[in-house]
Every structure is written in structure tokens, then in C-alpha cells.
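Here is a friendly walk through some helix packing and some empty space in a protein. Have the sequence and the model open as you read.

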Amino acid sequence: MKATPGSEPERVEVLLSKLRECQRTPWPVYDEIRALGDVIPSRWGPVITGYETCRRLLRSRDWRTPDYQWRRTRGSRWTRPASREIGRSLIVANAPEHTHLRRGLGQMFDDTTLQRLRQVTEETTERQLDLAQRQLAAGTADWTRTVAEIVPVTTLTRWLGIPDRDGAALREWTHAQAAAQELLPSGHDLDVADAATAHLELFFTHLIADRRAVRQTDVLSQWLAVWDSIEGDQEQADVIVRRLAATTTAAGIETTVTVLNNAMWTLARHPEQAKWLAGHPEAIPAAVEEILRWDPPVHLVSRVASTDTDLNGHPVKAGDMAYILVGAACRDPRWLTDAAKFDIARQPGRGGHLAFGLGPHYCAGAALARLESQVVLERLLARGPLPHVVSAEWEPRVAFRQLSELLIAHE
Ligand code: HEM
């Protein structure tokens, strides 16, 4: 059904379409959407900007993730290979399957694992900051490719026991696959996402076969042992572990690259706060939370109504998708005073930011993401004043907003 010209549904559709092209500053568009209401109906489903409503939906079991079954009934983009594969992943599974998968996963990042990964992160960060420093001495450093991409990829591949040489390909494929989860992906985006999904599937199939042949002490070998005993069927266990490995790789790389890019972009443009933070390293964890709130790596998550319902006075049909604009919600002025202002000394808003989601699908890698962000900031700020930004470019993406280039230089 087409929206009436000039109506709220039509205006929100125009604004959402505009978002892809204005990633440098999506904030005025969020303000315009927010001005239309907390929940705005659209042809695609309700669009939500209000912190409280976003929070409510993320925690609710009545609002389900768009899983395999849902995708099958929708057709078009949702039944493409990348989307079908994502539909089978932990991130969009619903109870009871989701509960089953999450239990088998256990606590991925316990203290011992985090301690080991801290060492990997610290060594990688020091090595890459040395490289960035040499680039700065010669003129301009490429923060994205030298630091922001390398630290999460190396930490993740070491955790999964994947050789370092495969990191670059994994980065490329997971980035391409993320397009399948975008708000309005182009046909080309979907083709690239499908091809990347095929590469990821093959890569992890081989990796798991290798682990079956030679068991090690890494997390993949542990998962195989756990799922063999739960399923009692090796073939089934292989499929589950392949999907868990591919999901954590995709979920962990794309987002952590963004928070490391955002940390440099944001602090370089707030030099007074960066200077204060360098003298107060104990405030780095709080600064990371503010960076995550102010510009979360994931700006949009979706949920599907499980029954006909009413959302803040708007009727919603079972199966309709709700667009939860996390990026807008984290700057909702009704939730947080001066929400548009970046302030590392602020008191966190009641209930906390939504950058890691909330409820049953709360990010399973939040502890690792926090550790990596804190280590990079500690080591970066210990090296003296921050460089300034020479140029910054964003991908034309809304859900997984991402800096594609961030060049920095000293005065
Ligand atoms: C700053 C970095 C990160 C951000 C901002 C982030 C954000 C998120 C968000 C918003 C969700 C919930 C999605 C939803 O509700 O639909 C999520 C789920 C998830 N994340 Fe992260 N993530 C980050 C890093 C990581 C890392 C490092 C890993 C693992 C290595 C990871 C693994 C996962 C997994 C497995 C889920 C699915 C949990 C479930 O559905 O039960 N994430 N993440």
C-alpha cells in the first residue's frame, strides 16, 4: 500500500531513504524523524526513535527477531542466500532455538579468556600504533586500515585459532555480508553479500574439518566437543559450530572496527576532552561507553510483531517489522539531558545506552569489545597528543554505519 503524499508515513520513508546518503551527519535526519513522533507508521512497518520504546521492544518476547521462518514468508531480499544464512544464525534465532544455542555457547569471554585476549590486543595495538607513528612521521596515517581494522581482526582470529594470514579475507567477507542486513540494500550490495556468504561458508567448513582432524585447545575445538555431546550427531554439530563461528566473526569484526574508528574521529575533534582523558586513564572505560552511546556501531536493529498488537496507539499486524533506530534512541533528549553533546564526564543515562542491544539478544561479545576499545585508547593516549583528522569518509550504510576511511596527521 502506498502512503498518502505528505503524510507522516510518506515523510518517514523519504527521511529513511535519505539516511543512506548523509552518513557524515545523520543526526539532523534523526531529529526530523523524532519530531514526527516516538513511533511512526510506514509502508515498511513502524519506525521507532524513542529510547523508552526501543528499550521496551528489545526486552520484549512478543517482538521476535526476523528469523529463518519469517524470512521464508517474505520473499524478495529476505530469501537471498546471505539473508537465508543470517536467518539461521544465533543473532536472529528465537526461543526455544535461541535459548538452546546461547546455552551451548556458554560464557564466551570469561576472565581467563579475556586475560589471554588482552595480551593479544595489547601486542597488536602497540605494533600497529608504531606503524601509524611511522606513517605520521612521513605525513598522513591511515587509522582505519592500520589500527581500527587490524586490532579486532587479529584478536578474533587468535581467539578462534585462525591463522593471521586469513584475517584480511575474513574482514572483507564479513563487511560485504553485513550489507544483507542494511535498511535499503541495493541489488549490487545483495549480490556482493551473497558471494561473501558463500566464501564464509566454505572457509568455516574447511576450518571445522581441520579441527575435527586435529583437535586443539582453542574455542572451536571446545564448541565441537560441547555440540557433539548435545546433538549426538557430528554432522549436525559441524553445522551449528560453523554458524556460530561465522556469526561471532561477523558480529565481532564489523562493529569493533567501527568503535575504534569512532574513538579516533570523536576524540580528535574534542581535543580538550582527549587531553583530560590522557591525564585520567582511569576514566577510559567511561569514555568508551560515551563513544558507544554518542555514535553506536549498530544504528538499526529490527524486530517482528508476533501477534496483532498496538504500539503507542498505532496498530501493528503480526509479522510486521519494527525498525528500532538505536542511533537515534541513544541521543533521545527525553532520556538524557544534552544528549547530542559528547561528554566523557557525563553521568550515564538511566538504564544505560543501547549500543550492545538489550534483552535476550544482548551482545555476547560486549566484554571483548570493551576490552579492545579500552586497550587501544590507553595505548594511544599514552603516546602524546592526538593527531587531527585530515579526511573522513563513511560507507553509504545505515544499520552498520561505518567510516570507510579516516586519515590523520599531526599539525
Ligand atoms: C563495539 C562492538 C560491538 C557492538 C556495538 C555490538 C553490538 C551488538 C548488538 C546491538 C547486538 C544485538 C542485536 C539485536 O538485538 O538484534 C549484538 C549481538 C551479538 N553480538 Fe555484538 N557487538 C559488538 C561486538 C561483538 C563482539 C566482539 C562479538 C564476538 C566476538 C559479538 C558477538 C555478538 C553475538 C554472538 C550477538 C548475538 C547475541 C544473541 O543474539 O544472543 N559482538 N551485538
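The notes below cover two helix contacts, then a pocket and a cavity. Please keep in mind that this is a predicted model.

## Helix H9 against H13

Let's start with H9, and with its packing on H13. Two packed helices are described by the angle between their axes and the distance between the axes. Helix H13 spans residues 234-268, and its axis comes within 8 Å of the axis of H9, with a crossing of roughly 155°. Angles over 145 degrees count as roughly antiparallel, so H9 is roughly antiparallel to H13. The crossing of these two helices is right-handed.

Which residues of H9 and H13 make the contact? From H9 come Val151, Pro152, Val153, Leu156, Trp159 and Leu160. H13 answers with Ala245, Thr248, Thr249, Gly252, Ile253, Thr256, Val257 and Leu260. Sorted by class, this contact has ten nonpolar and four polar residues, and no charged ones.

## Helix H9 against H17

H9, which covers residues 150-160, also meets helix H17, residues 366-381. Here the axes come within 11 Å and cross at roughly 135°, which means that H9 is oblique to H17. This crossing is right-handed.

On the H9 side, the contact uses Val151, Pro152 and Thr155, while H17 supplies Leu368, Glu372 and Val376. Four of the contact residues are nonpolar, one is polar and one is charged. If you are colouring the model, Val151 and Pro152 are worth marking: they appear in the contact with H17 and in the contact with H13.

## The second largest pocket

H9 turns up again in the lining of the second largest pocket, where H6 (97-105), H7 (111-138) and H12 (219-231) also give two or more residues each. Which helix gives the most to this lining? It is H12, with four residues.

The pocket holds about 250 Å³ of space. Of its 16 lining residues, Thr113, Trp159, Asp218, Val219 and Gln222 lie nearest the centre. Trp159 is also one of the H9 residues in contact with H13. By class, the lining divides into six nonpolar, six polar and four charged residues.

## An enclosed cavity

How many cavities of 30 Å³ or more does the structure hold? There is one, and the largest cavity has a volume of about 40 Å³.

Its lining is made by Leu16, Arg20, Glu182, Leu183, Leu184, Pro396, Arg397 and Val398. Five of these residues are nonpolar and three are charged, with no polar residue in the lining.

Notes: Residues are numbered from 1 along each chain as its sequence is written. This is a predicted model: local features need pLDDT of at least 70, side-chain atom pairs count only at pLDDT 80 or more; totals for chains, interfaces and linings use all residues. Side-chain values use heavy atoms; hydrogens and water are left out. Axes are lines fitted to C-alpha atoms, for helices over the stretch in contact, and angles run from 0 to 180 degrees between N-to-C directions. Angles under 35 degrees count as roughly parallel, over 145 as roughly antiparallel, 65 to 115 as roughly perpendicular and the rest as oblique. A crossing is left-handed if the near helix is turned anticlockwise from the far one by less than a right angle, and right-handed if clockwise. Contact means heavy atoms within 4.5 Å. Ala, Val, Leu, Ile, Met, Phe, Trp, Tyr, Cys and Pro count as nonpolar, Asp, Glu, Lys and Arg as charged, and the others, Gly among them, as polar. On a 1 Å grid over the protein atoms alone, a cavity is a set of points where a 1.4 Å probe fits but cannot get out, and a pocket is an open set with protein on both sides within 12 Å along at least five of seven lines; lining residues have an atom within 4 Å of a point. Grid points are joined across faces, edges and corners, and a volume is the space filled by probe spheres set on the points.
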